[in-house]
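Biologist: I have a chain on my screen and a few questions about it. Can you take me through the model?

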Amino acid sequence: MELIADILMISGTLAVAVYCMVLARRLSRFTDLEKGVGGAIAVLSAQVDDMTKTLTKAQKTAAGSAGRLESLTERAEDVSRRMELLIASMHDLPEGPAPVETPSQSEAEEKSEQETFFLSQRGRVEAAE
């Protein structure tokens with residue numbers, strides 16, 4: 001009976017040894033830096049670094065855009081104030097129609113000559129281009 005118990009103990013020990021070897025191989029593959037979880041962790045670490053750099057750039061760009069938007073808003077508010085003043089000053093004007101001045105014959109001829117001169121000068125500039 002002792003012989004049978006010893007044989008069973010030895011076979012059980014061999015089975016456990018083989019199982020431990022199989023587990024050791026699996027664990028070494030699991031922690032391999034190129035294929036296993038170690039490789040996945042390395043890739044994820046690189047991606048986190050890239051995302052951190054991208055986030056930093058985006059934050060700088062957003063800060064610059066916010067500054068420009070703030071300056072444009074201030075300019076728009078300044079223009080709005082000016083327009084309000086202009087509109088308020090328009091209420092002070094008389095409501096009657098503005099007198100229409102008819103140009104005299106000499107003024108019309110002078111204006112025609114100026115337009116002709118302008119057109120001739122414009123023709124020279126276009127020809128030069």
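Biologist: In which helix do E77 and R81 both lie, and how many residues apart are they?
Modeller: Keep in mind that this is a predicted model. E77 pairs with R81 in a salt bridge, with the closest N and O atoms 4.0 Å apart. The two sit about one turn of the helix from each other. The helix is α2, and the spacing is 4 residues.

Biologist: Why do residues at such a spacing point the same way?
Modeller: Start from the geometry of an α-helix. Residues three or four places apart point the same way because one turn takes 3.6 residues.

Biologist: Is E77 buried, partly exposed or exposed?
Modeller: The cut-offs are under 20% for buried and over 50% for exposed. E77 has 42% relative accessibility, so the label is partly exposed.

Biologist: Which residue meets D78 in a salt bridge?
Modeller: The search of the whole structure finds 2 salt bridges. In this one, N and O are 2.9 Å apart. D78 and its partner are 4 residues apart in helix α2, so about one helical turn separates them. The partner is R82.

Biologist: How do D78 and R82 rank, buried, partly exposed or exposed?
Modeller: D78 has a relative accessible area of 29%, so D78 is partly exposed. R82 is at 51%, and exposed means over 50%. R82 therefore counts as exposed.

Biologist: Which residues make the nonpolar surface patch?
Modeller: The patch covers about 380 Å². Helices α1 and α2 each supply at least two of its residues. Its members are L27, F30, V37 and I41.

Biologist: Which residues does F30 touch, leaving out those up to four places away in sequence?
Modeller: F30 lies in helix α1. At 47% relative accessibility, F30 is partly exposed. One of its contacts, V37, is found in helix α2. The full set is G36, V37 and G38.

Biologist: How many buried residues does α1 have?
Modeller: Helix α1 runs over residues 2-30. Its first and last C-alpha atoms are 42 Å apart, close to the 42 Å expected. The helix is hardly covered. Among its 29 residues, the buried count is 0.

Biologist: What share of the chain's 129 residues is buried?
Modeller: The chain has 3 helices and 0 strands. Its accessible surface is about 12,300 Å², and 64% of that belongs to carbon and sulfur atoms. Buried residues make up 2%.

Note on methods
Residues numbered from 1 in each chain as written. Predicted model: local features only at pLDDT ≥ 70, side-chain atom pairs only at ≥ 80, totals over all residues. Heavy atoms only, no water. Expected span 1.5 Å × (residues − 1). Buried < 20%, exposed > 50% of the residue type's maximum accessible area, 1.4 Å probe, protein only. Areas by Shrake-Rupley, 256 points an atom, 1.4 Å probe, with all protein chains shown as cover. Patch = residues over 30% accessible without salt bridge, like charges linked within 9 Å, V, L, I, M, F, W, Y side chains within 5 Å. Salt bridge = Lys/Arg side-chain N within 4 Å of Asp/Glu carboxyl O. Contact = heavy atoms within 4.5 Å.
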